[in-house]
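Q: I have a model on screen and want to learn to read its features one at a time. Where do we start?

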Amino acid sequence: MRKRIAVIGGGVAGLAAAVRLRDRTPAGTEIIVYEQSGALGGKLRTGELAGVPVERGAESFLFGAPDGGESAAVSLARRLGLDGSLVHPAARPAALAIGGRLAPIPAGTLVGVPGDLSTLDGVALPASDADRDTGRPLIAPGEDVSVGELVRSRYGDQVVERLVDPMLGGVYAGRADGLSLRVTMPQLARTAETEHTLRDAVRAAQTQSKRVPGRPVFAAVEGGMSRLVASAASASGARISLGLPVRELTRTRDGWRLTLGPVPAPQTDDVDAVILAVPAKPAARLLADGAPEAAQAVGALEYASVALVAMALPPGAGLPDLSGFLVPPGEGTLVKAATFVNRKWPHLAGPDGPVIVRASLGRAGEEARLQPSDRTLFAQAHAELSKLVGSALPEPSGFWIQRWGGGLPQYAPGHSGRVAAARAGLPPGLALAGAAFDGVGIPVCVASGERAADDVCEYLEEL
């Protein structure tokens with residue numbers, strides 16, 4: 001009998017799951033991707049400004065994996081025939097905006113955590129002799145702490161606030177004191193179980209991360225991330241359902257029943273297996289009947305809201321010779337990061353083209369600061385960027401604001417254990433995928449979707 005599989009959520013994790021399902025299931029298997037919004041891609045969305053493609057969400061992904069191979073995102077791009085369209089950033093440095101100056105980001109850190117304190121060069125003053133060998137590992141096997149708790153205890157406050165916070169803020173929009181070491185820095189968590197000093201734990205983690213000489217660190221898709229989304233949807237051969245939310249998920253004798261659409265006029269669909277690739281709150285709601293304990297564990301995850309502003313400055317607008325900069329929370333600005341798009345991505349550069357600047361606004365707990373109108377947010381970002389780069393930026397020919405309300409998960413310590421318990425309590429034929437469970441970043445989400453597809457395939461093969 002032909003099998004039917006539902007993927008609930010049309011972000012990159014759900015689409016990666018759908019592609020893997022197509023590759024692994026017999027011909028004739030029906031795959032349906034349900035996305036309640038009007039478009040696929042989730043946080044991958046390519047916009048346009050002054051004729052230049054500018055990402056409204058994630059702009060790049062890691063090229064390599066910690067084991068020295070290609071990241072899951074690169075492997076997916078190759079599977080989709082996009083390997084010839086991968087582009088890489090220029091070898092331009094980024095900076096930290098500290099006390100009215102743009103200081104080079106110290107080399108050799110692991111997400112801002114230094115393995116050599118002598119490289120900090122005045123950016124941050126480490127605590128005196130705090131990282132002593134006490135004769136025991138930094139954390140116990142399986143223990144999870146916040147990044148801030150570990151780094152503050154060993155290096156002091158300034159290293160956290162001037163280095164680690166802006167690095168984590170650029171990725172998660174969160175603060176080091178609230179983010180899980182095991183989720184945000186898994187390699188450091190592993191080495192901290194055996195090393196007695198943070199310096200040695202960082203160095204051990206860096207040694208274990210295999211770098212291929214000459215390989216770029218990051219990649220993007222020429223033409224924009226929306227090409228990756230469209231190619232994945234096409235390759236999956238899935239039936240795409242847009243704008244029809246899944247409201248309920250009910251276990252049946254032969255599989256699962258999905259209740260769809262508005263309450264006054266519901267629709268139903270029966271499938272053999274389900275992959276949930278949606279944020280934590282909707283996932284918890286759909287799990288409430290069939291897996292209440294999993295729903296409780298999943299629903300505890302909090303999110304941060306952010307906004308992106310992109311502006312097209314006149315050709316030749318003067319900017320520092322950088323790819324961009326990060327801003328520590330202590331500077332008090334709404335802007336937490338900025339990218340000089342044409343400088344960072346050579347394929348978008350042109351002598352007579354506009355100068356594109358993209359800034360990220362807002363951190364966890366700052367939702368109220370993002371409430372003003374688009375025009376007000378732009379004016380504040382433009383003024384703050386002028387101050388941060390040290391000269392008044394010209395007025396742009398155009399700009400846009402992209403708001404991501406509740407867009408970035410905040411992984412509190414213990415997150416991995418809660419997710420493992422949730423997955424262990426799921427009924428057969430139901431799998432979880434996506435940033436809510438396994439971490440942010442395109443490679444992590446792709447790998448998460450593919451693992452969920454593998455789990456579903458193994459379940460169906462046993463029927």
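Q: Which residues lie nearest the centre of the largest cavity, and how many line it?
A: Note that this is a predicted model. A cavity is space where a probe fits but cannot get out. Here the largest cavity has 13 lining residues. Nearest its centre lie Pro-53, Glu-55, Glu-59, His-347 and Leu-348.

Q: Which elements give two or more residues to that lining?
A: They are β4 (52–55) and β11 (218–221). Strand β4 gives the most, with three residues.

Q: How much space lies in the largest cavity, and how do its lining residues divide by class?
A: The space comes to about 160 Å³. The lining has eight nonpolar, three polar and two charged residues. The model holds three cavities of 30 Å³ or more.

Q: What changes when I read a pocket?
A: A pocket is an open set of points, whereas the probe cannot get out of a cavity. Take the second largest pocket, with a volume of about 230 Å³. Its lining counts 15 residues. Leu-430, Ala-431, Leu-432, Ala-452 and Asp-455 lie nearest the centre of this pocket.

Q: Which element gives the most to the lining of the second largest pocket?
A: Helix α15 does, with six residues. Both β22 (430–432) and α15 (442–461) supply at least two. By class, nine residues of this lining are nonpolar, two are polar and four are charged.

Q: How do I read a nonpolar core?
A: Look for buried nonpolar side chains joined through atoms within 4.5 Å. The largest core here has 69 residues, and Leu-258 and Leu-287 touch the most other members. Helix α4 (residues 157–172) contributes the largest share of this core, six residues. Another core lies apart from it, with 45 residues. Val-52, Val-87, Trp-400 and Ile-442 are among the members of that other core.

Q: Which residues is Leu-258 in contact with, leaving aside its neighbours within four places in sequence?
A: The list includes Ala-6, Ile-8, Tyr-34, Val-246, Leu-249, Val-271 and Val-274. Leu-258 also contacts Glu-248, Gln-267, Thr-268 and Asp-269.

Q: Is Glu-30 buried or exposed?
A: Compare its relative accessible area with the cut-off: buried means under 20%. Glu-30 has 17%, so it is buried. The residue is found in strand β2 (residues 30–35).

Q: What does the side chain of Glu-30 make a polar contact with?
A: Its partner is the side chain of Arg-4, at 2.9 Å. Beyond four places in sequence, Glu-30 is in contact with Arg-2, Lys-3, Arg-4, Ile-5 and Arg-239.

Q: Where is the place of Thr-29, and what does its side chain reach?
A: Thr-29 sits in the loop between α1 (12–24) and β2. At 7% relative accessibility, Thr-29 falls under the cut-off and therefore counts as buried. Its side chain reaches the backbone oxygen of Pro-26 at 2.8 Å. Further along the sequence, Thr-29 touches Arg-2, Lys-3, Ile-5 and Arg-22, with residues up to four places away not counted.

Q: How do I relate separation along the chain to separation in space?
A: Put the sequence gap beside the C-alpha distance. Ser-386 and Leu-319 are 67 residues apart in sequence and 9.8 Å apart in space. Thr-194 and Trp-400 are 206 residues apart along the chain, and 48 Å separates their C-alpha atoms.

Q: Where do Ser-386 and Thr-194 lie?
A: Ser-386 is in helix α12 (residues 374–389). It counts as buried because its relative accessibility is 11%. Thr-194 lies in the loop between α6 (186–192) and α7 (198–208). Thr-194 is exposed, with a relative accessible area of 53%.

Q: What is phi of Asp-121, and what of Ala-173?
A: Check the sign, then whether the residue is a glycine. Asp-121 has phi near 50°, a positive value in a residue other than glycine. Ala-173 is not a glycine either, and has a positive phi of about 60°.

Q: Is each of them buried or exposed?
A: Asp-121 is exposed, with a relative accessible area of 70%. This residue is in the loop between β10 (113–114) and α3 (147–155). Ala-173 is buried, at 0%. The loop that holds Ala-173 runs between α4 and α5 (181–184).

Technical notes: Residues are numbered from 1 along each chain as its sequence is written. This is a predicted model: local features need pLDDT of at least 70, side-chain atom pairs count only at pLDDT 80 or more; totals for chains, interfaces and linings use all residues. Side-chain values use heavy atoms; hydrogens and water are left out. Helices (H or I, at least four residues) and strands (E, at least two) are DSSP runs, numbered from the N terminus. Buried means under 20% relative accessible area, exposed over 50%, partly exposed in between (1.4 Å probe, protein chains only). A polar contact is a pair of N or O atoms within 3.5 Å; within protein, one must be able to donate a hydrogen and the other to accept it, and residues adjacent in sequence count only if both atoms are side-chain atoms. Contact means heavy atoms within 4.5 Å. On a 1 Å grid over the protein atoms alone, a cavity is a set of points where a 1.4 Å probe fits but cannot get out, and a pocket is an open set with protein on both sides within 12 Å along at least five of seven lines; lining residues have an atom within 4 Å of a point. Grid points are joined across faces, edges and corners, and a volume is the space filled by probe spheres set on the points. Ala, Val, Leu, Ile, Met, Phe, Trp, Tyr, Cys and Pro count as nonpolar, Asp, Glu, Lys and Arg as charged, and the others, Gly among them, as polar.
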